[in-house]
Amino acid sequence: MMVGHKKWKLAFLILLAVNLVIVIGLTVLIFLPSSKVNHISSSETNAVGLDVATNKEDLTKIINYYIEKEGLDGPVHYEINLSDEVELYGYLPVFGQDIDLKLTFEPEALENGNLLLRQKSISIGKLPLPVSYVMKFIQQQYKLPGWVEINPNDETVYMHLTEMKIANGLSVNMQEFDLLEDKIQLKLILPTK
């Protein structure tokens, strides 16, 4: 009868020791720092960049929403479409009639985060108007944001995306703008101070 009692006592002591080892091991693991600790002080950076990838269909919706929300379509309505090129659709009031207008541009993401649009083609009803005249008309009549610079003589539109005013100090840097491959990548810069 004594032998059975000693086995039970030995089993209890082993179980107690295993439980203590587990509790001590878990306590040590909880209080050890993780292997990857990145401490960034707020003095090291004033902004954080977030990479964003989108496609031309979604970006078209965002651009046209922005135009409408900011009241940029004004008295002369226009909209943007992204296909294999940047397309601007609008109209020209000529002799009391609205004539359909379509300009297409070839986009180029610049190293400084801005976007350059080179005028590629133009169609204005059946009127033979010079491109510089139409771009000058757009510059004067269409309500465009301050960060969009139209250069009628060069037949380009320079989009100063880095100067675009967005809520909470957010800014945009264009990284890639390849419409043929449907690869549009930009970096959103969020201020941390």
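Two strands count as paired if DSSP finds at least two bridges between them. Helices (H or I, at least four residues) and strands (E, at least two) are DSSP runs, numbered from the N terminus. The model is predicted: local features need pLDDT of at least 70 and side-chain atom pairs count only at pLDDT 80 or more, while totals for chains, interfaces and linings use all residues. Residues are numbered from 1 along each chain as its sequence is written, and side-chain values use heavy atoms, with hydrogens and water left out.

**Overall make-up**

The protein has three helices and nine strands, which follow the pattern α-β-α-β-β-β-β-α-β-β-β-β along the sequence. Of the 193 residues, 31% are buried (under 20% relative accessible area, with a 1.4 Å probe and protein chains only). Among contacts (heavy atoms within 4.5 Å) with a separation of 6 or more, 45% are between residues 24 or more positions apart.

**Strand pairing**

An open sheet is formed by three strands in the order 1-9-8, with antiparallel pairing. Its edge strands, each paired on one side only, are strand 1 (47–54) and strand 8 (171–178). On average, neighbouring strands of this sheet are turned by 15 degrees against each other, direction ignored; axes are lines fitted to C-alpha atoms, for helices over the stretch in contact, and angles run from 0 to 180 degrees between N-to-C directions.

Three antiparallel pairs are listed below.

| Strands | Bridges | Residues paired |
|---|---|---|
| 8 and 9 (residues 183–191) | seven | M174 and L186 |
| 4 (residues 97–109) and 5 (residues 115–124) | nine | T104 and S121 |
| 5 and 7 (residues 156–159) | four | L116 and Y158 |

Strand 4 and strand 5 form a hairpin with five residues between the strands, where G113 takes a positive phi near 95 degrees.

**The largest pocket**

The largest pocket has a volume of about 900 Å³. On a 1 Å grid over the protein atoms alone, a pocket is an open set of points with protein on both sides within 12 Å along at least five of seven lines, and lining residues have an atom within 4 Å of a point. Grid points are joined across faces, edges and corners, and the volume is the space filled by probe spheres set on the points.

Of the 37 residues that line this pocket, I63, W147, M159, L161 and M164 are the closest to its centre. Helix 2 (residues 56–69) gives the most to the lining, with seven residues. By class, the lining has 34 nonpolar, one polar and two charged residues. Here Ala, Val, Leu, Ile, Met, Phe, Trp, Tyr, Cys and Pro count as nonpolar, Asp, Glu, Lys and Arg as charged, and the others, Gly among them, as polar.

Technical notes: On a 1 Å grid over the protein atoms alone, a cavity is a set of points where a 1.4 Å probe fits but cannot get out, and a pocket is an open set with protein on both sides within 12 Å along at least five of seven lines; lining residues have an atom within 4 Å of a point. Buried means under 20% relative accessible area, exposed over 50%, partly exposed in between (1.4 Å probe, protein chains only).
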